[in-house]
Every structure is written in structure tokens, then in C-alpha cells.
Amino acid sequence: MQVAAVIVAAGRGLRLGGPVPKQYREIGGRMVLCRTIAAALANPRITRVLTAITEDCRSLYDEAVAGIADPRLTAAIPGGAERADTVRLALEALEPTAPDIVLVHDAARPFASAGLWEALIDAAAGSEGAIAAEPVVDALWAEGAGTDGAVPTGCCDAPRPRAGLWRAQTPQAFPFAALLAAHRTEAESDAPSALDDAEVFRRSGGTVRLIPGEPDNFKITTPADLARAERLVAEREPAMPSRIDVRTGHGFDVHRFGPGDHVMLCGVAVPHSHGLVGHSDADVGLHALADALYGALAEGDIGTHFPPSDPQWKGAESHVFLAHAGQRVTARGGRISNVDVTLLCERPKIGPHAEAMRAEIGRILGLATDRIGLKATTMERMGFVGREEGMGCIATATVILGETS
């Protein structure tokens, strides 16, 4: 199942004051938008993330995503005049590779949990939509109109019942084709502007489920919200240790040969008389390197994050796994210092493709090639590799999680 996330960052959002929109303000040393995108990318079920921005914020956007190397994050698109226009434009940009489900999320809500993303994806797996929302628990009062002897403005006029009322949040999840069709119909309608995508979907005849939201999934709108976000980040992300925390991880992978005319090695298709057999594309180089990164973080291995029992990873391209491992380093507040990969095979010859492999690893991880070692060795005709029954790879990675003095 293909799942896309649309991050709406096109609003000017200047209510916090100053020249920088709220989604580009920093909390805990990272821009709000960076945190929001990273939260979406942390879910392995999401196959693509598209951000809609205002064109005059292009440089701010580039700064926000500079540390994100995940290939699932695609180039941002310009938004529209209104939020509904922005969402429609983003959906139309996704149409050529139409996902099954799309989640629409506000850029200024960086704290939606992994569990909330999961619940919304599950709820929208059929024909219904789903939104994160919280039941209203406070008393509700209508404000006075202040005309013709009525209750003055700024004063309580009459209470309003709160039973059955919910406060909408994002993400909001929908079947992609149905939401795109609803937005196109809405764009041609003279009806008043919809409150959100749930209303657009409802107007088209769709059903939208209410999924319990989270108190911490608030939208940063006011200075008080920004201060609250800073406190939340301080609680969740303690200050860096006083000493550099250097981690080294080790990865090893093997795959047997099978039918085919090429092997995928470190993201490069190398012509060969056989292919490699595996649940995904069987790229031993990227698999071993991803496991090395997970190992440096003590976060298991590829199977921990992408279970082979899950059919959605059948035939998956291995850059998804490596990019996720790199994103986990970023999410832990760290960086990759260097990686080293040794491919074990009699054939094919690796030398002619080594630079392309280093370049591809660098692209996936956002790492300079002078920090990427890549080499190959034969097994002197010994063992299963020597008998050309398959290939193996050994990889190491060094990760730095703290650099404060």
C-alpha cells in the first residue's frame, strides 16, 4: 500500500511576530517544519512526503530540510492562494504516482506521535476518511453581539452545549483518489470555503471517522504555543552530554544468487549473469550498512523496523531502509562521521562501479564521499562466496551523538 503525506507549509503564519513564519521558527535548535517532516518520515509505511510552501520562503525551506537525506522527501511545490488550493495542488502533484492513502498535516504541528500516524493510516485503509480530534471538555459560551441593547461584546451571552463536539487536529487521512476528486469539485463550487479537508471530503458524500488526538499535538500559533513547544522539547530531548558520544556499529548481510541479469549493490544496478534473491531487492551493501547504523544506535536491525513478514516490503528498494537508518541518527540529534563497506564476491568486478556506489550512498545519507569507504575482496575460491553461490557484505559506521563542550 502506497501512503503519502502532504505537509501544508504555505501559510505566512506571522502571528508569532517577526519576519519569519512560525513553521520556520526554531524549537530546540531545529525548525518546526524540520521536526514535522521528520515525524512523518519516521513512519516506514509512508512512502512519500510532499511539502507545499510559499515561493518567497524557498530559502527557509531549503534550510529546514538541509539535514534530511531521506529520498522519500520529494521536491517542495508552490502552494495556492488559500489552504484548499494548496492541498488540491499538492494532490494533483501526487496524481502521476497516485498513492492509496494521503495524509494532510499542518506544518506547525510537529508533535504528532508515531502511534497517531499509524492509527490514521489504518482508519483510512478502506473508503472512509479519518481525522485526529479531541472531545471538547470545557464549557462553551457565545459572546455578546453588542447591538440594540444586547449583551456587550467581550461578555458571556449564552452557553452552548458541548456534548458531541470535537476539536479537529491534523494529520487527516483519506483515500487519495476520493479526496482529489472532492477537492476538484470544491474548487468549482460556489459554496463557502470548507473548514478543512474533512469538510471537503464530507461534502462529497464521504464518511470521516474521529480518531482520538493528543494534547501535545497542538498547533504552534501564538508566542505561548512556542514557549510550550520549547518546554516540551526540553523534556523530551535533554541537553547534549558534556562529552562527545561516539558510537560504532557493525553490519553483515548475505544473499544467494538466483535468476537475473544484474545485481543491486550499494544502490547501483551492476550487470551480472545472475541476480540476488531476497525479500526486498537483496542489496547486500545497503542492507549491511543500514544494520551498521542501527547497531550504532542500539536500535536493532532492518527486520526490527521493516519486518519481512510485512508484504508491503516485498521487492522494496533498499535505499528506503538506509535512508530510514540515517534519519534515525538525525532524530537522535546526531550525525554520521563515516561509513566503510566491504563487498565479498568473486564476480562481478566491483572496481568499475565503486565511485557510482559511493555517490549513491552519499546521496541517500547526505554524506560527503570522502567519508564513505567502499572496497571489495574475493574469498580465494573458498566457501559459498568462493563457489559463487552468493555474495556477502561487511559494513561499519561511526555515529556522533553529542558534540557540546
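## Exercises on a predicted model

At 21% relative accessibility, E388 counts as partly exposed. This residue returns in Exercise 1. The model is predicted.

**Exercise 1. Find where E388 and R381 lie, and state the sign of phi in each.**

Step 1. Place E388. The residue sits in the loop between α12 and β18.
Step 2. Read its backbone. Phi of E388 is near 60 degrees, a positive value, and the residue is not a glycine.
Step 3. Place R381. Its loop runs between β17 and α12 (383–386).
Step 4. Read its backbone. R381, also no glycine, has a positive phi of about 65 degrees.
Step 5. Sort R381 by accessibility. Its relative accessible area is 54%. The limit for exposed is over 50%, so R381 is exposed.

**Exercise 2. Work out how many disulfides the model has, using C57 and C345 as test cases.**

Step 1. Recall the bond. A disulfide links the sulfur atoms of two cysteines covalently.
Step 2. Set the cut-off. The two sulfur atoms must lie within 2.5 Å.
Step 3. Test C57. The closest cysteine sulfur belongs to C34 and is 16 Å away, so the gap is too far for a bond.
Step 4. Test C345. Its closest cysteine sulfur, in C393, is 9.7 Å away, which is also too far for a bond.
Step 5. Give the count. The total is 0 disulfides.
Step 6. Add the surroundings. C57 is buried, at a relative accessible area of 2%. C345 is buried too, at 4%.

**Exercise 3. Trace the sheet of 5 strands and name what packs on it.**

Step 1. Write the order. The open sheet reads β15-β12-β18-β16-β17, with mixed pairing.
Step 2. Mark the edges. β15 (275–276) and β17 (372–377) each pair on one side only.
Step 3. Look inside. β16 (residues 335–344) and β18 (residues 390–400) are antiparallel and share 9 bridges. V341 has A395 of β18 as its bridge partner.
Step 4. Add helix α8 (residues 284–296). This helix packs on the sheet and touches β12 (246–258), β15, β16 and β18. Its direction makes about 155 degrees with that of β12.
Step 5. Add helix α11 (residues 354–365). It touches β16 and β17, at about 140 degrees to the direction of β17.
Step 6. Check the loop between β16 and α11. P348 is found there, and a cis peptide bond joins R347 to P348, with omega about 0 degrees.

**Exercise 4. Do the same for the sheet of 7 strands.**

Step 1. Write the order. The open sheet reads β5-β4-β1-β6-β10-β7-β11, and the pairing is mixed.
Step 2. Mark the edges. β5 (77–78) and β11 (208–212) each have a single partner strand, so one side of each lacks a neighbour in the sheet.
Step 3. Look inside. β1 (residues 3–9) and β4 (residues 48–53) run parallel, joined by 6 bridges. A9 has I53 of β4 as its bridge partner.
Step 4. Add helix α5 (residues 176–187). This helix packs on the sheet, touching β6 (101–106) and β10 (166–175).
Step 5. Check β10. P171 lies in this strand. A cis peptide bond joins T170 and P171, with omega about 10 degrees.

**Exercise 5. Describe the largest pocket and its lining.**

Step 1. Give the volume. The largest pocket holds about 1100 Å³ of space.
Step 2. Find its centre. Of 38 lining residues, R30, R35, E237, T330 and A331 lie nearest to it.
Step 3. Name contributing elements. Among those supplying at least two lining residues each are α1 (32–41), α7 (223–236) and α10 (319–331).

Technical notes:
Residues numbered from 1 in each chain as written. Predicted model: local features only at pLDDT ≥ 70, side-chain atom pairs only at ≥ 80, totals over all residues. Heavy atoms only, no water. Buried < 20%, exposed > 50% of the residue type's maximum accessible area, 1.4 Å probe, protein only. Pairing = 2+ DSSP bridges. Helix = DSSP H or I, 4+ residues; strand = E, 2+ residues; numbered from the N terminus. Contact = heavy atoms within 4.5 Å. Axes fitted to C-alpha atoms, helices over the stretch in contact; angles between N-to-C directions. 1 Å grid on protein atoms, 1.4 Å probe; cavity = no way out; pocket = protein on both sides within 12 Å on 5 of 7 lines; lining within 4 Å. Points joined across faces, edges and corners; volume = space filled by probe spheres on them.
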